[in-house]
Structures are given as structure tokens and as C-alpha cells.
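Biologist: Could you walk me through the ligand site and a few backbone details? I would like to learn how to read each feature.

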Amino acid sequence: FEPITVGIAIGAASALTGYLSYKDLYCRFAECCRSERPLNASALKQDLEEKLFGQHLATEVILKALTGFKNNKNPKKPLTLSLHGWAGTGKNFVSQIVAENLHPKGLKSNFVHLFVSTLHFPHEQHIKLYQDQLQRWIRGNVSACAGSVFIFDEMDKLHPGVIDAIKPFLDYYEQIDGVSYRKAIFIFLSNAGGDLITKTALDFWRAGRKREDIQLKDLEAVLSVGVFNNKHSGLWHSGLIDRNLIDYFIPFLPLEYRHVKMCVRAEMKARGSAVDEDVVTRVAEEMTFFPKDEKIYSDKGCKTVQSRLDFY
Ligand SMILES: Nc1ncnc2c1ncn2[C@@H]1O[C@H](COP(=O)(O)OP(=O)(O)OP(=O)(O)O)[C@@H](O)[C@H]1O
């Protein structure tokens, strides 16, 4: 929308109705930053429980972290979540759900920003430049909307050190140069630690224990140490970890055959077709599973389900 026309239209409409405030009306036409808007926790819970399969830890932690943070009128630092796991286990999918619950336009919102390492920070020789750009970008966006959301995908492909440029923003400062970052949300996505998570899941499976019995404490410390010591995690020897600036390390478990089937069914429903169990089984059986002997976990999670379904 063109701002002047919108302004006149709104002015006229509010004069006519005399009911809605200018701001309320304006926000019906254009996207507004509403950092104070409370989070609808039950809607987020329902989204996670209905749409995200096989990730009891991620569901629980994300729900708690976001409700706690959004209910706090005066957070002492921005919320920082680090999501880890094998490919296709739902990290991007969850970020999308979270973004939509914070800003209705989700990833298309002007207040949600997605950085992809290989796209936005490809060259090792430009680290300093990327750091400057990142700082300016974040400062500008948080000044415009305190509740901005920043998602960093492919953290494991980020050159070591780049992310440390944002360390001051994640810290406990009240303001930096007149800008407060305390209401912003930072989400890191990474495959790093996927091997550690798989090992724990496999140990549980081999011991005959239920997947749902895996607790955050079985994984969180292992993950943060593992990622800190992994040169290819984007957080190698990162000040974000040793200053404890990451609030939650969230493990995404590898997906099993039954979860892949759930993804196929969800995709069929999303396409408006009836669920055909025969096709569900065939698509799931086309996926490859590891480890070699037991064949429990899908090596691409649910990632290729959509394209495979196109064959049927
Ligand atoms: N746990 C899950 N529950 C429901 N759907 C899932 C789940 N995991 C993946 N999917 C489906 O598979 C698609 C691809 O997953 P997604 O992009 O979230 O994987 P990812 O963990 O971010 O992988 P990568 O590390 O390769 O980026 C999603 O868009 C979603 O449709």
C-alpha cells in the first residue's frame, strides 16, 4: 500500500466510524509491529502438537521458552534458541510455526528475518564485512521493531567468528546506543550435534526404552559442549556459549518410519486429497533408514516426502 493513500483512507474511515483508533485501523491495512501483543500460548501449543511429529522435547521446550519470555514484561535479555538435529527433522518447519505465532505474516513479515549462511555469508575472506553488515542490519531492524525475530539457518556452515558479532546484542545490556534488544528473538538452526542426538536416541532404543522418555537433561549439556568444540558448528569456541547467552539448546530427534508416514499423511491432507494408506506406505518405504543393521531412522527425515508424493 502507498502510505499517503492509506493514511487518507484511514483518516476518512476513522472520522466516519469514530470508533476504532487511527492505529487500530492503520494496522488493518499495513503490517504493524506489536511487540506488546501477548502470545496466544494455546494456539502455539495446538500448532506444535498437531503439526510437529516425533519431537516431544522441542515441542515442550519451545512452548515453555516462548510463553515465559512473552509473558515477561521486562526481559533482561533477548530470547536465544539454538535448534539442533539431523536434516529434515523439522527445524525450519518449527521456526516457521514460531514466526507465524509471533507475527501473523510469518516468514513474510517485515519483522521476521531469515539469514542463510551459504547465501548471505558465503566468503571466508569477507568475515569482517559480514560482521559489520549483520550488526547494522540487526540494529536497524530492532530499532524499527523491538520484537523482531532473527533466524540463522545453516549455522554449521557459518565461518567461525561471524556470529560473535551479535554477541553484544544477546547480552544483558539495558540498551546499546539507545536501542534495547531485550524483546528480540534469535533462533539458530544447525545440523551440528545431530550425531550426538542420534547416539542418545539409539542408546534408548537399544535399551528398550521409549523415545518419549528422553529428557532435555540427557542432551542439553552434551549438545552445548559438543557444539562448542565442533569447528564446523558456527559456534566453535563462541563467546555466545561461554558467556551463557544461548538460553536453550533444543534437540531434534531423528525421525522413525512411523513419523515419516505421519508426514506423508499430513502432506496429502494439505494437498486436499484423501489419505490413501497404500500410498503412505509406499512413500515411506522408498525412504532410506539407518543405522545399517537396525534401519530405524530416516536419513533425510521428512525432507523428500513432498517430492516423492508427486509420483503418485
Ligand atoms: N518433525 C516433523 N513433523 C512434521 N513435519 C516435518 C517434521 N520434520 C520435517 N517435516 C516436514 O519436512 C519438511 C522439511 O523439514 P525442515 O525443512 O523443517 O527440516 P530441517 O530440520 O530444517 O532440515 P535441514 O537441517 O536440512 O535444513 C518440512 O517443511 C515439513 O513439511
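Biologist: Which domains does the shell around the ligand draw at least three residues from?

Modeller: First, some ground rules: this is a predicted model, where local features need pLDDT of at least 70, side-chain atom pairs count only at pLDDT 80 or more, and totals for chains, interfaces and linings use all residues. Residues are numbered from 1 along each chain as its sequence is written, and side-chain values use heavy atoms, leaving out hydrogens and water. Domain bounds come from an automatic or database domain assignment. Here, domain 2 (41-252) and domain 3 (257-309) each give the shell at least three residues.

Biologist: How many residues surround the ligand?

Modeller: A residue is near a molecule if one of its heavy atoms lies within 4 Å of it. There are 18 around this ligand, and the closest are F53, K91, N92, N191 and K303. Helix α5 (residues 91-102) supplies the largest share, three residues; helices are DSSP runs (H or I, at least four residues) and strands likewise (E, at least two), numbered from the N terminus.

Biologist: Which polar contacts should I look at?

Modeller: A polar contact is a pair of N or O atoms within 3.5 Å. An N or O atom in the K303 side chain is 2.4 Å from a ligand oxygen. Backbone N or O atoms also take part: one of T89 lies 3.1 Å from a ligand nitrogen, and one of G90 lies 3.1 Å from a nitrogen atom of the ligand.

Biologist: What about the backbone: where is P291?

Modeller: P291 lies in the loop between β6 (289-290) and β7 (297-298). The peptide bond leading from F290 to P291 is cis, with omega near -5 degrees. Another residue to inspect is D177, in the loop between α8 (167-170) and β4 (185-190). D177 has a positive phi of about 50 degrees, although it is not a glycine.

Methods: Polar contact = N/O pair within 3.5 Å; in protein donor to acceptor, adjacent residues only side chain to side chain.
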